[in-house]
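Visitor: I should like to take a close look at one part of this structure, the hairpin and the strands that pair with it. Please describe how that part is built, which side chains meet there, and how it sits within the chain.

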Amino acid sequence: MSELTLTLLRLGFLALLWLLVLSVVGVIRRDLYGTQITHRPSSRPAPGPAYPQRGRAPAERRWPRVLVVTEGSLQGTTLALGQAPILIGRAPECTLVLEDDYASTRHARLFPQESGWFVEDLGSTNGTFIGRTRVEGAVPLDVGVPVRVGRTVLELRR
């Protein structure tokens with residue numbers, strides 16, 4: 001082998017080694033500092049029902065207006081309910097971003113239907129629970145019933 005070829009191989013190997021070191025440092029940095037949470041403006045609940053109703057609903061069957069975090073690192077956080085589904089997880093693009101090691105990147109979804117709100121697990125590792133029951137598929141969710149996502153507990157409230 002010529003001197004030039006050997007030098008180029010050494011430099012290429014050194015460049016690959018530095019790429020490996022920098023990628024390892026990036027992974028360790030993300031693990032230590034977590035996901036960067038972007039500030040979102042708070043939304044207020046819209047006046048009136050959250051979504052259209054046919055006729056008059058009985059007084060006891062009012063729609064929930066807020067999602068409240070009752071336990072976990074975001075305890076006390078409220079999120080106004082509207083017509084859009086709520087994505088829960090650690091990813092920055094989620095509606096409710098959790099700082100919870102036991103929550104998946106895209107963990108669960110809350111969404112409205114004509115009959116009320118439903119919760120659905122999105123294939124998370126640790127599961128989503130209503131009480132002690134693991135959520136399988138889309139499950140209807142009543143006001144005041146705790147939903148556990150990792151170490152975080154959520155409730156729908158009027």
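Guide: The chain holds 1 helix and 11 strands. Read from the N terminus, the order of the elements is α-β-β-β-β-β-β-β-β-β-β-β. The model is a predicted one, and the mean pLDDT over the chain is 83, with 82% of the residues at 70 or more. Over residues 42–52, however, the pLDDT is below 50, and this stretch has 19 contacts in the model beyond near neighbours in sequence. For residues 56–60 the pLDDT also stays under 50, and there the model has 1 contact beyond four places in sequence. Of the 158 residues in the chain, 31% are buried. Among the contacts with a separation of 6 or more, 42% are between residues 24 or more positions apart.

The part you ask about is the hairpin that joins β5 to β6 through 2 residues. Strand β5 covers residues 108–113 and strand β6 covers residues 116–121. The two strands are paired in the antiparallel sense, over 6 bridges. Within this pairing F111 stands opposite F118 of β6.

The rings of these two residues also meet. A pair of aromatic rings is described by the distance of the centres and the angle of the planes. The structure holds 1 aromatic pair, and this pair is formed by F111 and F118, which are stacked at 5.8 Å centre to centre with 15° between the planes. Because buried means under 20% relative accessible area, both partners qualify: F111 has a relative accessible area of 8%, and F118 one of 15%.

R109 adds two further interactions to the hairpin. R109 lies over the face of F111, at 4.1 Å from the ring centre. The side chain of R109 also meets that of E120 in a salt bridge, with an N to O distance of 2.8 Å. R109 belongs to β5 and E120 to β6, so this salt bridge ties together parts that are 11 residues apart in sequence. With a relative accessible area of 27%, R109 is partly exposed, whereas F111, the residue beneath this charge, is buried.

The count of salt bridges comes to 2. Besides the pair in the hairpin, the side chains of E155 and R157 meet in a salt bridge at 3.2 Å, N to O. E155 counts as buried at 15% relative accessibility, while R157 is partly exposed at 35%.

The hairpin can now be followed outward, beginning from β6. Of the 6 residues of β6, 5 are buried, so this strand is largely enclosed by the rest of the structure. In addition to its pairing with β5, β6 runs antiparallel to strand β9 (residues 138–141), to which 4 bridges join it. In that pairing V119 stands opposite V139 of β9.

From β5, the pairing leads to β3. The strands β3 and β5 run antiparallel and are joined by 3 bridges, and I86 of β3 stands opposite L110 in β5. In a regular strand the side chains alternate between the two faces of the sheet. Strand β3 (residues 86–89) is covered on both faces: I86 and I88 are buried on one side, and L87 and G89 are buried on the other.

β3 has a further partner in strand β4 (residues 96–97), with which it pairs in the parallel sense over 2 bridges. Here I88 has L96 in β4 as its bridge partner. Thus β3 pairs with β5 in the antiparallel sense and with β4 in the parallel sense.

The loop between β4 and β5 contains S104. S104 counts as buried, at 15% relative accessibility. Leaving aside neighbours within four places in sequence, S104 is in contact with G89, R90, S124 and T125. One of these, G89, is among the buried residues of β3.

To draw the part together: β5 pairs with β6 over 6 bridges and is joined to β3 by 3 bridges, while β6 is joined to β9 by 4 bridges. Across the hairpin itself, F111 and F118 are stacked, R109 lies over the face of F111, and the side chains of R109 and E120 meet in a salt bridge.

Key:
Residues numbered from 1 in each chain as written. Predicted model: local features only at pLDDT ≥ 70, side-chain atom pairs only at ≥ 80, totals over all residues. Heavy atoms only, no water. Salt bridge = Lys/Arg side-chain N within 4 Å of Asp/Glu carboxyl O. Buried < 20%, exposed > 50% of the residue type's maximum accessible area, 1.4 Å probe, protein only. Phe/Tyr/Trp six-rings, centres within 6.5 Å; stacked < 30°, edge-to-face > 60°. Lys NZ or Arg CZ within 6 Å of the ring centre and 35° of its normal. Pairing = 2+ DSSP bridges. Contact = heavy atoms within 4.5 Å. pLDDT = per-residue confidence, 0-100.
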